[in-house]
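Trainee: Could you show me how to read a few features of a protein model, step by step?

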Amino acid sequence: MNVRSQIAMVFHLDKCIGCHTCSIACKNIWTDRKGAEYMWWNNVETKPGTGYPTKWEDQKIYKGGWEKKKKGEITLRSSGKYKGLLNIFHNPHMPVMDDYYEPWTYKYLDLIESPQGDDQPTARPVSLVTGKPLDIKSGPNWDDDLSGTPKYARKDPNFEDLSPAEQEAMFQLEKMAMFYLPRICNHCLNPACVAACPSGAIYKRGEDGVVLINQNVCRAWRMCVTACPYKKSYYNWSTGKSEKCILCYPRLEAGFAPACMHSCVGRIRYLGVLLYDADKIKEAVSSAEDELIEKQLDLILDPFDENVIKEAKANGIADSTIFAAQTSPIYKFVKVWHLGLPLHAEYRTVPMLFYVPPLLPVMASLSITDNSKQAEKLDPIAKFWNKNHLYNTNTESIWGTIEQARFPLKYLASLFGAGNEQKIKNVLKKQLAVRIHRRNITVGDIDKNTAEKILLETGLTPKIADEIYYLTSLAKFDDRFNIPPAHREQALEMLEDTGDLKGSTGFGFKAEPKRSL
Amino acid sequence: MAFYNNFFFTVLPYVAIIIFFIGIVYRFRAVKFSYSSLSSQFLETRKLYWGSVPFHWGIIFLFFGHLIAFLVPGYILLWNQQPLRLAILELTAFTFGLMTFIGLINLFYRRLTNARVRKVTNYVDIFLEVILLAQIFLGLWIAVGYRWGSSWFAIVLSPYLKSIFTLNPQIDAVAMLPLVIQLHIILAFIILLIIPFTRLVHLLVFPLSYLWRPYQKVIWNWDRKKIRNPQTSWTLHKPRNN
Ligand code: SF4
Ligand code: SF4
């Protein structure tokens, strides 16, 4: 056993309101620089949708992540030692600026300085790359809230397994549903970006598992951009260096939550320590597709186990970190309650960001009713729902809404279950059971026996259900973010000046991020 | 005349070599950040393919061709004893030369015409591309105009280069060469000289070590086991990742 500690995350998708506050917080701190304007280390996508960069999940285009070979070992899909070095002069699968979007600003001064005329002056958009006027064709959240559905939502790569009829059903106006998917770098245990970097510039920090790119060593070979299946490594076209989410490590070291998490309006984000067994990574990532999630979750160790604690100490993990692992909200969500699932486990990078799949778009099913009587009674000018659909609030068949979900479970399974619907169903049932349990307590129209029977069916007890309820809805700042002390006194890198380096190349060394000759 | 010959074939090579070494070391230590290939594929990818790929593979072949001819001229002469083999060698080399030339023209054209790429272009880039174009053009000219270069390179230029490196410059033979070949030699040293001041430094950091490093890389900022052991004193060491 080789115990290491990792800062891991949970995003509770039922709570995300798609406000993009997280993205803005991140942008303002880290990527408001030349060459990085187009980068959104944190971005929020509407699902179904093609995301950012467009169709990033389609590995037939971008060839990211690992793939399992016939012999059983795994290789990087398009890069790696030989393919990577052969493609170094031109990387055929690399996304280019148009796959993200061309960043722009507006000529605001025109609003003030235009001469008097018959027309209102406008602020024309100009490209932040070329400075020339630009017809905006796409942006970082161009398909927000299902806008441009025929072009975007319908092209979602996760529809591959869905039949045309199933897809069609999702896009009937009355039945349309969506949810938000906030994404940052997953700080994977088997990071494809690290493995693909020919210069060895990308590394995983031993102490907390944050994946970083050393700007001094990066030589713009661009392999990480292709290799990361989540497209969370970005190429700075101005400095000629790749950059990625740093999990706000200067903040983490000071005990603060990362900016995106700190600012999250829906309070959907949780962060804490997990202990894992580094010796088993290889076995876990090369297991069969249907075992992947299980095996990946098996890597996470029980922080209360005496043997684990002993090994952790032997490996130099601080007592405070072990304590943080024991009180970690992530451990609860992922290992104890089995509510958190990795996004696209089939890419085999072992992401350390887990998602609680959304229950709401699944539940909100509709039934057909006859509304004509009701409509006659209304004033003709009044606006009313004249379609004959009604939201299902029926509590008779408890699991019915999940079984006949209007949001196909297959779709969710393609995102969070590596194709396994049962995984999604279990999580959703648990979430529903907690709700029913709380409804029994607060409203009381569901009797106690039914509620408890349902809890039992999902393997929960009223006590656990209350804990889940607490951590989901009432959790305070310190419950959501359990950050172990960084022990700056022991880490030289961390002692270096981190305060006034905004706008420079980063932490650790000071230089202007200027393009060289 | 002797002055010019001395300047171009004795002084220039040494100046170039010295500046090259001091320059790359200084740049690597002082502004390591600036060692980058500065790829512009992100801004434009299709035209890049038709430029970058033929150019790079071509120039790699040509570079090693020249290097081998310099290091083991005897073998080249041995190979060239049969006219057919000589023809094959020359033809291959010429093809690669042409490939490099066409690739570079494509790159140059792309750099000048693509609005986005224009934005990441500076005068040094243009200067460099012009010099390289000239050098490759001269090389092709020599290949056509002064036949069987692979043989006379081994006879004339290998000894000259060797004499430079053994600090005993013998320039009589080079001084007699036609002007085109002389220019080619001079430009070669000029290119060597400007490497530290241009993006060409990226060829010095070609990531061959990738082939033998393990795929995953984990860095600890301090020695974990030592830190926990109160018996050992904590020694100061520079963090390894910066
Ligand atoms: S999400 Fe991508 S960039 Fe982040 S660690 Fe994983 S492979 Fe690397
Ligand atoms: S700030 Fe929170 S709620 Fe808002 S979009 Fe981001 S993750 Fe969702």
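The dialogue below takes up cysteines, a ligand shell and a pair of helices.

Mentor: This is a predicted model, in which local features need pLDDT of at least 70 and side-chain atom pairs count only at pLDDT 80 or more, while totals for chains, interfaces and linings use all residues. Residues are numbered from 1 along each chain as its sequence is written, chains are lettered from A and ligands numbered from 1 in the order in which they are written, and side-chain values use heavy atoms, leaving out hydrogens and water.

Trainee: How many disulfides are there over all chains?

Mentor: A disulfide is a covalent bond between the sulfur atoms of two cysteines. Taking a pair of cysteine sulfur atoms within 2.5 Å as the rule, the count over all chains is 0.

Trainee: Why does Cys218(A) have no bond to Cys224(A)?

Mentor: The closest cysteine sulfur to that of Cys218(A) is in Cys224(A), and at 6.4 Å it is too far for a bond. Likewise, the sulfur of Cys248(A) is 6.2 Å from its closest cysteine sulfur, in Cys260(A), which is too far for a bond.

Trainee: Is Cys218(A) buried or exposed?

Mentor: Buried means under 20% relative accessible area, exposed over 50%, and partly exposed in between, with a 1.4 Å probe and protein chains only. Cys218(A) has a relative accessible area of 6% and is therefore buried, and Cys248(A), at 6%, also counts as buried.

Trainee: Which residues surround ligand 2 most closely?

Mentor: Counting residues with a heavy atom within 4 Å of the ligand, 14 residues surround ligand 2, and the closest are Cys16(A), Cys19(A), His20(A), Cys22(A) and Cys264(A).
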